[in-house]
Amino acid sequence: MTDYAEEQEGELEALESIYVTELEILSRDPIIYNILIPCEIRSLEGPNKEFTVGLKFKLPEEYPDVPPEIEFSECEELDADLQKSIIIELNKFAEEEVGCVMIFTLVSELQDKVNEYADNIYNKKLQEKEEKDKVPVFHGTLVTLETFTEWNNKFILEMSGNKVKVVNDKLTGRQIFLAKGGNIEISENLIGNAEEDVEVDESLFDEDLELDDELLEVSDSD
């Protein structure tokens, strides 16, 4: 006849020597104890994020011929779906280990699952960073109607020696050509309608033009 109590006490002593500070006995009859597992998530920048996952085990009277009751005692970093998935897998594993003491094996299995979870988080962050680094970042000044008009007026004055007067905020074909040649993105509202009237500054043409009288003479012989 199997002495379950002796097997349970023997396993508990072994676990206490392994998990010196991580194991906490909550009850002796029935035997219930909690084991805390230190974990961490690697960080791309700064210190790694440390957290703790705890499992509580309640041993039935006929353990290990009957699987232990398992539940989380601490698991703030694990979402509800992951917690449920891990408990299902641990219970399944416990069923396969019936007849043998199994707490150390179950804790090791949990550590593997949590480490896998932490690695997935790290790899996801690493992938996001790599994708972000691939995207070129434009460094420059946003061109608006006001800023472009101001720049354009100054540019035209400099190029023409202050002889050209800008009469509206629409761009001529020449101005569009010069702007595109400078790799400047032009907003649609800067481009004027080709059919619109063009205002002419008549002051540019107020100088008298004198023609040589000799050029105006008409030959009688013609």
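A residue is called buried when its relative accessible area is under 20% and exposed when that area is over 50%, with partly exposed in between. The structure described here is a predicted model. By this cut-off, both Tyr33 and Phe57 are buried. The two residues also form an aromatic pair of the tilted kind, with 6.1 Å from centre to centre and 45° between the planes. Tyr33 belongs to strand S2 and Phe57 to strand S3, so the pair ties together parts that lie 24 residues apart in sequence. In total, 3 aromatic pairs are counted.

Another of these pairs is made by Phe148 and Trp151, again tilted, at 5.4 Å centre to centre and with 45° between the planes. Both residues lie in helix H4, which spans residues 145–160, and they are 3 residues apart, about one turn of the helix. Their accessibilities fall into separate classes under the cut-offs given above. Phe148 has a relative accessible area of 3% and is therefore buried, whereas Trp151, at 36% relative accessibility, counts as partly exposed.

The strands that hold Tyr33 and Phe57 are part of an open sheet. This sheet has 4 strands in the order S1-S2-S3-S4, and the pairing is antiparallel. Strand S1 (23–28) and strand S4 (69–74) stand at the edges with a single partner strand each, so one side of each has no neighbour in the sheet. From one strand to the next, the twist averages 25°. Strand S3, residues 49–58, runs antiparallel to S4 and is joined to S4 by 5 bridges. Within these strands, Gly54 stands opposite Glu74 of S4.

Two helices are placed against the sheet. Helix H1 (residues 4–18) lies across S1 and strand S2 (31–41), and its direction is at about 155° to S1. Helix H2 (residues 80–96) packs on the sheet and touches S3 and S4, with an angle of about 145° between the directions of H2 and S4.

The largest nonpolar core contains 33 residues. Tyr33 and Phe57 are among the residues with the most contacts inside this core, together with Phe72, Ile103, Leu106 and Leu110. Two or more residues are supplied by each of H1, S2, S3, S4, H2 and helix H3 (103–134). Helix H3 gives the most, with 7 residues. For Leu106, when neighbours within four places in sequence are left aside, the contacts are Phe57, Pro68, Ile70, Leu90, Phe93 and Ala94.

Helix H3 also holds Asn123. This residue has a relative accessibility of 39% and so counts as partly exposed. Asn123 and Arg42 are separated by 81 residues in sequence, while their C-alpha atoms are 9.3 Å apart in space.

Cis peptide bonds were also identified in the loops of the sheet. Most peptide bonds are trans. The bond between Asp29 and Pro30 is cis, with omega about 0°, and Pro30 is located in the loop between S1 and S2. The bond between Tyr63 and Pro64 is likewise cis, with omega about 15°. Pro64 is located in the loop between S3 and S4.

Notes:
Residues numbered from 1 in each chain as written. Predicted model: local features only at pLDDT ≥ 70, side-chain atom pairs only at ≥ 80, totals over all residues. Heavy atoms only, no water. Pairing = 2+ DSSP bridges. Axes fitted to C-alpha atoms, helices over the stretch in contact; angles between N-to-C directions. Contact = heavy atoms within 4.5 Å. Phe/Tyr/Trp six-rings, centres within 6.5 Å; stacked < 30°, edge-to-face > 60°. Buried < 20%, exposed > 50% of the residue type's maximum accessible area, 1.4 Å probe, protein only. Core = buried A, V, L, I, M, F, W, Y, C linked by side-chain atoms within 4.5 Å.
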